[in-house]
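Student: I would like to go through this model step by step. Where should we begin?

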Amino acid sequence: MHLTSAPGPIRWGDPPNSLPSCSSILHSVSDKHQLHTPHGARHKQSMAAVEDIVIAGAGLAGLATALGLHRKGVRSLVLESSATLRASGYAFNTWTNAFRALDALGVGDKIREHHLLYERLVAFSASTGEAAAKVSLKMQGKSGPHEIRCVKRNFLLETLENELPEGTIRYSSKIVAIEEEGNVKLLHMADGSTIRANVLVGCDGVNSVVAKWLGLPKPILSGRSATRGLAEYPYGHGFGPEILQFIGQGFRSGVLPCSDTSVYWNYTWYPSPDDGDAEESVAKMRQYVLTKLRAASIPAEALDVIERSEMSDVVSAQVPVPAGAGPGQHQQGQRVRGRRRVPPDDAGAGAGRLRGAGGRRRPRPVPRRGLRRRRERRRVRVRHSGA
Ligand SMILES: Cc1cc2nc3c(=O)[nH]c(=O)nc-3n(C[C@H](O)[C@H](O)[C@H](O)COP(=O)(O)OP(=O)(O)OC[C@H]3O[C@@H](n4cnc5c(N)ncnc54)[C@H](O)[C@@H]3O)c2cc1C
């Protein structure tokens with residue numbers, strides 16, 4: 001999320017004391033809302049065309065921000081480029097912290113009601129079919145028990161949208177350029193109109209126009225691709241409350257029941273010219289994934305999920321690296337021909353460290369200088385001790 005407010009853009013990495021806290025922004029905005037004196041009314045009238053808070057993008061970040069503000073009694077306007085809520089996509093693993101945020105927004109229990117609570121993660125070697133690791137997910141965290149569920153994307157987006165006051169989201173409203181006029185941000189819209197904002201919050205996804213305006217670096221892609229789908233089992237699927245992962249043979253794949261009747265799956269891999277025309281259509285991508293999984297030791301129930309699933313028109317997407325990943329952990333800007341980019345996903349969540357299961361070894365980051373020196377000294381000591 002990217003936040004700008006008067007008097008100038010705030011950049012992540014600015015020293016903390018140079019940033020107004022979120023709460024101070026909220027306070028100053030709330031104060032303005034309370035200006036109901038005749039003088040205040042006159043003031044508001046002369047500024048009628050200026051929105052206090054504009055949020056770019058009605059994705060998860062934008063809707064959650066708008067709802068958080070609404071719960072504090074602060075109005076915001078969300079500008080969304082598409083004509084309707086982009087509720088396509090399938091699901092994502094949602095962890096304890098996310099549920100704390102959803103609780104703060106007042107929607108946690110609604111999400112819980114419709115999604116299974118996981119008890120364990122089982123990682124299988126795709127080469128041998130054996131369970132290489134079993135991890136209980138019932139362990140206690142710092143502030144209570146862990147809570148992990150696979151939440152359907154459309155359900156989450158619609159739940160957030162339904163909690164917002166009518167008129168908060170303005171659809172078919174694409175911001176194409178941003179300028180500053182004193183303390184006000186001028187948002188130039190695709191239809192030629194202009195919207196003025198005191199505070200602009202960038203929640204406009206991986207190709208954010210707000211981030212570009214702030215001069216933030218472009219997203220970095222991991223070089224891995226991901227594809228996914230969702231299968232419905234009207235009479236129940238028979239999977240337990242567990243995340244199943246299959247790792248090895250050049251891929252990582254997960255099968256995650258969302259509820260008693262729906263199961264999400266994902267598949268990530270490093271693309272290569274051998275993939276052929278898999279990217280051309282949903283049918284070809286499904287066939288590609290099934291061929292890879294059938295050649296490995298994957299149980300029939302997991303294959304059935306993929307066979308009967310619905311898949312998106314965006315057949316695959318490149319996975320951006322997590323913020324803060326070090327050098328050697330990514331390939332900057334790598335793109336594969338004909339592929340569209342969509343925002344991050346959770347396709348590999350939890351699988352990264354299970355190399356023992358046959359997963360692809362990640363490139364190690366270059367050690368920092370101090371660490372290199374310490375390692376070097378240790379090697380010298382070991383040599384001198386004759387080991
Ligand atoms: C359609 C879709 C399907 C997905 N499916 C899955 C999935 O099944 N599993 C998974 O793990 N992850 C999925 N993801 C990724 C996951 O949802 C994202 O990591 C998460 O949504 C990021 O949320 P966000 O709010 O930051 O950005 P986004 O969800 O990308 O939301 C950004 C919003 O801003 C809007 N926008 C962009 N530019 C502008 C502009 N200039 N002016 C106005 N509005 C603008 C976009 O239309 C979009 O609605 C999907 C993402 C998308 C967009």
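Student: What percentage of the residues in the protein is buried?
Tutor: This is a predicted model. A residue counts as buried if 20 or more other C-beta atoms lie within 10 Å of its own. Of the 387 residues in the protein, the buried share is 34%.

Student: How many helices and strands does the secondary structure come to?
Tutor: The secondary structure holds both kinds of element. The count is 10 helices and 20 strands.

Student: Is helix 3 roughly parallel or roughly antiparallel to helix 6?
Tutor: Helix 3 covers residues 60-71 and helix 6 covers residues 153-163. Their axes come within 9 Å and cross at roughly 30°. Angles under 35 degrees count as roughly parallel, so helix 3 and helix 6 are roughly parallel.

Student: Is the crossing of helix 3 and helix 6 left-handed or right-handed?
Tutor: The sense of turn between helix 3 and helix 6 decides this. For this pair the crossing is left-handed.

Student: How do the residues of the contact of helix 3 with helix 6 divide into nonpolar, polar and charged?
Tutor: Helix 3 contributes Leu60, Leu63, Ala64 and Leu67. They meet Leu156, Leu157, Leu160, Glu161 and Glu163 in helix 6. The residues of this contact divide into seven nonpolar, no polar and two charged.

Student: Is Arg252 buried or exposed?
Tutor: Arg252 lies in strand 17, residues 251-257. Arg252 has 28 C-beta neighbours inside 10 Å, and the cut-off is 20 or more. Therefore Arg252 counts as buried.

Student: How far apart in space are Arg252 and Tyr270, C-alpha to C-alpha?
Tutor: In sequence, Arg252 and Tyr270 are 18 residues apart. In space, their C-alpha to C-alpha distance is 10.0 Å.

Conventions
Residues are numbered from 1 along each chain as its sequence is written. This is a predicted model: local features need pLDDT of at least 70, side-chain atom pairs count only at pLDDT 80 or more; totals for chains, interfaces and linings use all residues. Axes are lines fitted to C-alpha atoms, for helices over the stretch in contact, and angles run from 0 to 180 degrees between N-to-C directions. Helices (H or I, at least four residues) and strands (E, at least two) are DSSP runs, numbered from the N terminus. Angles under 35 degrees count as roughly parallel, over 145 as roughly antiparallel, 65 to 115 as roughly perpendicular and the rest as oblique. Two residues are in contact if their C-beta atoms, placed from the backbone, lie within 7 Å. Ala, Val, Leu, Ile, Met, Phe, Trp, Tyr, Cys and Pro count as nonpolar, Asp, Glu, Lys and Arg as charged, and the others, Gly among them, as polar. A residue is buried if 20 or more other C-beta atoms lie within 10 Å of its own, exposed if 12 or fewer, and partly exposed in between; C-beta atoms are placed from the backbone.
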